[in-house]
Amino acid sequence: MEGVEEFLDELRDQLKDRSFIPLPVRQRMIPKAGGKLRALGIATVRDRVVQASLKLVLEPIFEADFHPCSYGFRPKRRAHDAVAEARLLASRSYEWVVEGDITACFDEISHPALMDRVRERIGDKRVLALVKAFLKAGILGEDGALRDNDTGTPQGGILSPVLANVALSVLDEHLAQHPGGPRSTAWQRAKRRQHGQPNCRLVRYADDWLILVAGTREHAESMREEAAAVLAPMGLRLSEQKTKITHIDEGLDFLGWRIQRHRKRGTNRHYVYTYPARKAVQAVTGKVKDLCRRIGMNQPLQILLLHLNRMLRGWCAYFRPGVSSATFKYLSAYTWRRVFEWLRRKHRRSTVKELRRRYCGGRWWPGTEDGQLFNPAKVRTTRYRYRGAAIPFPWPATG
């Protein structure tokens, strides 16, 4: 592309002579579940290039220190690993769960506390100055007003996930050293349980985390207070309303999944199952409904199917490794009904028989010459196995 090399040369010179100054991020408010709004910070292309370069430098250094209980925004790790570990622990006597929810995590991280943690691993003053410059770049609000940001790292930046993991790793480190934590042996954990003492494990995906406790509800409440005290120096607060203590028999929602222990049909044995949470199902059916309303009657069916198939494939791919067959069948029936309602509005004078002949080849499943409507009911579910220590390190070891 024309001008790319000149742009990069100019940026390189600014970084070398230390004249580079990040510009304020443009704030955009996007809707969240429950009617609330989330603030996104959109950086300029110039700043995103520098942030990407800075991430290439910082990420390998901090990855060497991050604990295996952390899965969010880390290479070679995914949400399915976090859900698989939570399910595994819940099936091994870790029955009480602290569902952690941090109030405005990305917006309230303390800059001095974050920079202190970065300085523990980074000694280059130029890199430290760049990180601090991005934190203090300021925010250009939707009203056009320029505001300083004394706390937080703008959500939406390339560098923000790495910095957020650096801040939240204080919780990982604390739980790793906790008696009865992941560093204790099986004999030590069994001995603690004999004396009525709890064992605990942490599973974290960015700012969504669970503390699973093998003990009593009182032990779980104590762990919640302990987690709040650990996060407080970083400027982070637990939401009193959303931070809950749940028993695995009651079930909990985590990363879109419902994790709950049920009795297996036809037996007296109980197992921990993972399946799509109700909120996730409501979200995808809401998107199907919105697409069928937003795409006008003047558009061909091919356009509607293009948008629906893209969304349904991605949703089913995420929820495929679980007990999702019943949910996929429900989603298939719901989507079919919405598409047929759209066709009946498009051809008000046509009968169902005529619509079937025209769009279904005389059958019931709609499609065009370019392809059919994606059918979630035909997606075969799998079981995602807990990888644990088998997760490879993203960078090759150098001898």
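This is a short tour of a predicted model, stop by stop, with what to select at each one.

**Stop 1: helix α2**

Select residues 45-63, which form helix α2. The helix has 19 residues and reaches 26 Å from its first C-alpha to its last, close to the 27 Å expected at 1.5 Å a residue. Now pick L56, where α2 bends by about 30°. A proline, P60, follows within four residues.

Next, color the buried residues of α2: D47, V50, Q51, L54, L58, E59, F62 and E63. To see what they pack against, show α1 (4-16), α5 (111-119), α6 (125-135) and α7 (160-176).

**Stop 2: the largest nonpolar core**

Select L212, F254, I259, L301, L304, L308 and W315. In the largest nonpolar core, which has 51 residues, these touch the most other members. Elements giving two or more residues to this core include α3 (79-90), β7 (208-214), α10 (278-294), α12 (325-346) and α13 (352-359). Which element gives the most to the core? That is α11, with nine residues; select 301-319 to display this helix.

Stay on L301 and show its surroundings. Leaving out residues up to four places away in sequence, L301 touches V339, W342, L343, Y359, G367 and T368.

There is also a second, separate core of 48 residues. To locate this second core, select I109, L128, V213 and A220, which are among its members.

**Stop 3: a three-stranded sheet**

Select 252-254 for β9 and 257-263 for β10, then add 270-276 for β11. Together they make an open sheet in the order β9-β10-β11, with antiparallel pairing. β9 and β11 are the edge strands, each pairing on one side only. On average, neighbouring strands of the sheet are turned by 30° against each other, direction ignored.

Zoom in on β10 and β11, which pair in the antiparallel sense over seven bridges. For one residue pair, pick I259: its bridge partner in β11 is T274. I259 was also selected at the previous stop, as one of the core residues that touch the most other members.

**Stop 4: P321**

Move to the loop between α11 and α12 and select P321. Is P321 buried or exposed? P321 counts as buried because its relative accessibility is 13%, and the cut-off for buried is under 20%.

Show the contacts of P321 next. Not counting residues up to four places away in sequence, P321 touches H80, W257, T274, T382 and Y384. T274 is the bridge partner of I259 from the sheet.

Finally, add R192, which lies 129 residues from P321 along the chain. The C-alpha atoms of P321 and R192 are separated by 34 Å.

Technical notes:
Residues numbered from 1 in each chain as written. Predicted model: local features only at pLDDT ≥ 70, side-chain atom pairs only at ≥ 80, totals over all residues. Heavy atoms only, no water. Expected span 1.5 Å × (residues − 1). Bend = angle between axes of the 7 residues up to and from the residue. Buried < 20%, exposed > 50% of the residue type's maximum accessible area, 1.4 Å probe, protein only. Contact = heavy atoms within 4.5 Å. Core = buried A, V, L, I, M, F, W, Y, C linked by side-chain atoms within 4.5 Å. Pairing = 2+ DSSP bridges. Axes fitted to C-alpha atoms, helices over the stretch in contact; angles between N-to-C directions.
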